[in-house]
Each structure stands twice: as C-alpha cells, then as structure tokens.
Amino acid sequence: MTSFTNKNVLNLLRNLPRLSISNLRNNDGAVKKNKRGRAQHGGDKHGHGNKGSKARQNFMRPGYETGNTPFYMKFPREQYYRDHHVKRQYPPLSLATLQQMIDMNRIDITKPIDLSVLCNTGLYNIKPEDKHFGVNLIDEVSFFLLSFNNIVMGADNFKAKINIEVQWTSESTIAAIERNGGVITTSFFDVNSLFILINPKKFFQRGEAIPRRMIPPEDAILYYSSAANRGYLADPEKISWERFVLAQKYGYKLPKIEDDPDYDMLVSRKDQRQIFYGLEPGWVVNLKDKVILKPTDPQLKEFYRS
Amino acid sequence: MSIISFKGFSYAGKIVKVPIIQCFLARNASIKNEVQDFDIVTTTAENVLSEKEVKAICDKSRLNHGHRNMVNGRVPYDKPVHRYHNTVKYKRKMYGRYGDASNVYPGLAWPTAEDLEDIREYESVAYPLTIQEMQQNAMNIIESERQAILLNQQKIDNNMKKLNGWLNEVKEKSAKKLFEAQQAKEKKEKLIEEVKKHFGYKIDPKDDRFKEMLVKREKEEKKKVREEKKKVREEKLLNYLDSKAK
C-alpha cells in the first residue's frame with residue numbers, strides 16, 4: 001500500500017514542472033520601474049512647478065550669470081597649467097625597482113641597458129602617444145617595495161654596475177650609479193624613434209629601414225649637451241671631469257673604468273643618430289629570414305650618414 | 001603519391017583492393033555505427049588526383065584561404081585582392097613578416113630618390129637649426145638674461161650711492177615749500193591786519209569793501225615792489241657806468 005502511494009507521489013514529482021530559467025520570476029517589488037507617466041497616466045508637473053526655466057530643464061552652464069560677465073572671467077589670472085598638455089613627460093623609474101629587476105634577472109647587466117631593455121622587462125612601459133619621452137631614473141623610494149613595509153631608498157641600496165641610457169635623471173641618481181663603477185647617459189629620442197625603441201619587433205615587421213634618430217628640440221638642447229647631466233651631446237672629456245667632481249661632492253672613491261674587466265661594455269655608447277645598439281640607421285632587419293640588409297646606393301648611404 | 005586514409009566501417013574490406021583516396025566530407029561523424037552518406041572519391045591508377053586537389057579535399061580547417069595561409073606562415077594572398085595590397089607599405093610589411101617567402105623585392109624597404117627629397121624638405125622645416133646653432137642660441141639667451149640681471153644690479157648700486165643726496169633734496173624742497181607757505185600766510189595776515197586798521201573796526205573778510213581794500217593794498221604793494229626793483233636796476237646801471245668811467 002505504502003509502496004503504491006510512494007510510487008504515485010514519485011510519479012507526481014516526476015511530472016511536476018522543474019525549476020528552470022523559463023519559470024523563474026523576480027520577487028514582487030524587486031524591480032522598480034522609474035516611469036514618468038504621460039497625460040492621464042500621472043502626467044502633470046512631476047515636481048517641477050509651473051512653467052519657466054525650471055520646468056523646461058534649461059540649466060545654465062556652471063559660472064554663467066545670465067548675461068553678466070561671469071565672475072571667473074572678471075579678473076586676469078595666471079595660467080598655471082598653460083601648455084601643460086604639450087610638455088614632455090618622463091615617467092619615473094626608481095633605482096630600487098631597477099635593482100629589483102636586476103636581482104630578478106629581468107635585466108642582463110652584462111649588456112648596456114636602454115629603454116628597449118627596460119620595456120622588455122614587462123615591468124616598465126611608456127606611451128609616446130601620451131607625450132612620454134622616456135624614462136626618468138629617480139633615487140626615491142620604490143612604491144612597489146613600500147607595499148611590503150620595507151622603506152628602501154633607491155640610491156643607498158643600489159649595488160649594480162651597469163651601463164644605462166635614460167632620458168632624464170638627477171644628480172644623486174648619477175652619483176649612485178657611478179659610485180658602483182657604472183656609466184649613465186641621458187639621451188633624447190624623438191617620438192618616432194621612441195615607438196621603434198619600445199617595441200622593436202613591431203617595427204622590424206614593418207619591413208622598413210631603421211630611420212635616423214632626430215635631434216632634440218631647442219628647449220632640451222642644453223640638458224642633453226650638459227656634462228653634469230651626462231648628456232649624449234656633451235664632450236666626453238668634460239664628462240670624465242664631472243664624474244670626478246661628483247665623486248668629490250658626494251664623497252666616494254670613483255672606480256676606474258679603464259681597469260674594469262667589462263671596459264668594452266661600459267664605454268659602449270650609441271651614436272647621436274643611432275636608435276639601437278649595434279644597428280645603424282638605414283639597415284633593414286628581417287626577423288623571419290634572420291638577415292640584416294644594408295643599403296649600397298651612395299645616395300642612401302649619404303642620407304643615413306647625415 | 002596518393003594518400004590512403006579511411007576510417008574503417010562496414011566496407012573497409014572493399015576499399016583496400018584498389019588504390020584509393022578517400023576523404024570524409026561529412027562534417028559530423030555520427031557516434032552510432034551506422035552507414036552515413038559519404039562522398040567517396042574513387043580513383044584508379046590512371047585517374048590519380050593532383051596533390052593540390054588532394055590538399056583541397058583534405059583541408060578541414062574551415063578557415064578561408066588568406067587566414068589559412070597566415071596560420072601556416074605564408075603570405076595571405078597570392079594575388080592582390082584589395083587596392084591596399086598594391087601599396088609599398090603593404091609590400092614592406094609582407095617582407096617584414098614573411099621574409100623572402102613573400103616574393104617582395106627587399107629594395108622597397110628604402111625610400112626612393114623622391115622620398116629622400118621629401119624627407120629632406122620636411123627635416124629642413126622641422127629641424128631648421130643644427131645642434132651647434134641651437135646650443136649657441138641657448139647660451140646667448142642665458143648670457144643675455146645674465147647681462148640684464150647684471151645691468152639691473154649695477155643700476156641699483158649706482159642709485160643707492162645717490163640715495164642720500166636725493167633724500168636731502170626732497171627734505172630741502174619740502175622745507176622750502178613750508179617756509180614759503182608760512183611766509184605767504186604771514187603776509188596775508190599782515191595785510192588783513194592793516195586793512196582792519198584802515199577801517200578802524202573789525203570787518204568781515206568776506207565783505208566787498210574789505211575785498212576792494214585788499215585788492216588796492218595788493219596793487220600798492222606790487223607797485224612798491226616794482227619801484228624798488230626799478231631803483232635797484234638804476235643803481236646797478238649807475239654803478240656799472242661809474243665803473244666804466246673809472
């Protein structure tokens with residue numbers, strides 16, 4: 001008897017509709033439609049009074065005073081942010097972060113480091129389209145390391161001997177690098193060269209000849225030709241003098257680069273017109289065939305040499 | 001040459017007797033072991049399909065031609081299908097991506113003589129100055145700024161030296177002015193006093209008679225001054241003549 005009823009109940013259960021997406025429904029009041037009724041369906045003033053600008057929603061723009069000279073235009077002002085949108089920017093990179101990249105083998109210090117290498121770590125990137133003109137190497141606290149409650153001053157804890165090329169830097173950063181027997185150069189890249197430098201593979205796949213690096217703009221010429229900033233246009237003799245001066249100022253003994261086993265690496269520098277280490281302007285690099293094509297036409301040669 | 005491939009169902013035995021190329025064009029092989037409708041391409045030794053045809057039949061990727069080429073590392077299109085495919089930019093790109101296999105002449109990578117002219121013209125406008133000229137200009141600007149500051153400082157120094165003299169001058173001038181004002185005041189007071197004496201009683205200075213009298217007095221004074229001046233002049237002249245006569 002019991003089995004019979006059980007069977008019936010089971011059959012009933014089997015035939016009952018299952019809970020599915022097709023028979024699910026929201027709770028009452030869960031969805032509230034914000035409807036503004038029209039005409040006889042509750043359409044009257046809707047809390048906006050009778051006629052006039054308030055009922056018609058013609059809001060004035062902020063600061064507009066219906067025909068008066070607006071207050072914000074009454075007095076002359078200093079344009080603090082004038083031309084900010086066209087100024088060159090150098091996104092910072094801390095020496096502490098650089099040290100960490102080196103420690104984590106993201107950067108090979110047996111070769112010269114440039115923006116290409118920094119972008120290749122995957123930890124640093126710039127956007128030339130946003131007026132970023134390269135890396136600003138700073139000696140400040142790394143925010144990445146701060147998150148572990150370790151306050152690490154970049155300049156004090158920097159221990160690597162590197163040959164690095166940056167676009168902007170400070171005196172104390174230069175001192176931190178040169179104290180370890182390293183070399184730093186500040187050099188300018190125009191926007192076109194920057195796009196090439198931060199993603200060389202993309203450029204090589206365009207199948208074009210490597211262009212020449214263009215000269216810096218007038219307002220940056222002194223920075224990049226100053227020996228104190230280790231500019232790439234500065235006189236090398238003046239730079240060696242400034243290296244000595246800085247060592248005296250910060251009170252460290254300047255390691256002799258001439259006696260260094262990595263002398264060749266440390267003194268390797270790019271030409272004014274060069275974008276990549278070891279690749280001259282005018283060369284075509286084909287990654288598929290693994291070949292480098294060089295121009296033979298005298299006109300082209302002359303052009304790329306200029 | 002020929003590829004033999006089959007999935008053995010009921011009639012596998014029949015197939016092996018002749019060289020055969022069998023490809024299943026049906027997309028969904030049924031799970032059930034039923035005989036499906038197959039397009040069976042049967043060839044004899046005389047009627048062998050070319051390799052291209054075989055490949056076409058065997059390709060089950062459902063990719064279009066261009067995409068299949070790209071997946072296999074080949075140039076997507078054998079012939080240009082879009083007018084963009086005739087541009088230098090596209091051809092360079094094909095060479096950059098696929099190398100010699102792209103059949104693009106690598107010389108396209110460099111600018112032509114016309115392009116060079118264009119580039120040179122652009123650079124002459126965009127970079128009119130050489131590095132040395134720009135350095136010189138920047139140094140000149142700094143120097144002129146320094147000179148302007150120096151000049152200003154020199155001017156301040158010179159003026160500081162003269163400052164005491166100027167202060168004295170101002171003081172003297174003001175003292176003189178005060179003295180003159182005082183004298184004028186006294187003179188006027190004296191006049192009023194005299195006028196009062198003339199009338200013999202206190203008279204309002206706003207009165208017309210008083211004013212008339214004042215004007216008269218002033219005139220007399222002026223006359224007196226003039227006569228005095230005349231006298232002085234005559235005396236001078238006489239002295240002069242005397243000195244000449246001697």
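The exercises below, each with a worked solution, concern a predicted model.

**Exercise 1. Helices and burial in chain B**

Task: State how many helices and strands chain B has, and what share of its residues is buried.

Solution:
- Chain B has seven helices and zero strands.
- Along the sequence, the pattern of chain B reads α-α-α-α-α-α-α.
- Of the 246 residues in chain B, 16% are buried.

**Exercise 2. A positive patch**

Task: Find which residues form the positive surface patch that includes B:Arg226, and classify B:Arg226 as buried or exposed.

Solution:
- The patch consists of B:Lys219, B:Lys222, B:Lys223 and B:Arg226.
- B:Arg226 belongs to helix H7 of chain B, which covers residues 208-245.
- The relative accessible area of B:Arg226 is 56%.
- Exposed means over 50%, so B:Arg226 is exposed.

**Exercise 3. A negative patch**

Task: List the residues of the negative surface patch that contains B:Glu114, then place B:Glu114 in its helix.

Solution:
- B:Glu114, B:Asp115, B:Glu117, B:Asp118 and B:Glu121 make up the patch.
- B:Glu114 sits in helix H5 of chain B, residues 113-126.
- With a relative accessibility of 62%, B:Glu114 is exposed.

**Exercise 4. Cysteines**

Task: Give the number of disulfides over all chains, and classify A:Cys119 and B:Cys58 by accessibility.

Solution:
- A disulfide links the sulfur atoms of two cysteines covalently.
- The cut-off for a pair of cysteine sulfur atoms is within 2.5 Å.
- By this rule there are zero disulfides over all chains.
- A:Cys119 has a relative accessible area of 11%; buried means under 20%, so A:Cys119 is buried.
- B:Cys58, at 39%, is partly exposed.

Methods: Residues are numbered from 1 along each chain as its sequence is written. Chains are lettered from A and ligands numbered from 1 in the order in which they are written. This is a predicted model: local features need pLDDT of at least 70, side-chain atom pairs count only at pLDDT 80 or more; totals for chains, interfaces and linings use all residues. Side-chain values use heavy atoms; hydrogens and water are left out. Patches are made of residues with over 30% relative accessible area and no salt bridge: like charges are joined within 9 Å, nonpolar side chains (Val, Leu, Ile, Met, Phe, Trp, Tyr) within 5 Å. Accessible areas come from the Shrake-Rupley method with a 1.4 Å probe; for residues, only the protein chains shown count as cover. A salt bridge is a side-chain nitrogen of Lys or Arg within 4 Å of a carboxyl oxygen of Asp or Glu. Lys and Arg count as positive and Asp and Glu as negative; His and the chain ends are not counted. The place of a charge is taken as NZ of Lys, CZ of Arg, CG of Asp or CD of Glu. Helices (H or I, at least four residues) and strands (E, at least two) are DSSP runs, numbered from the N terminus. Buried means under 20% relative accessible area, exposed over 50%, partly exposed in between (1.4 Å probe, protein chains only).
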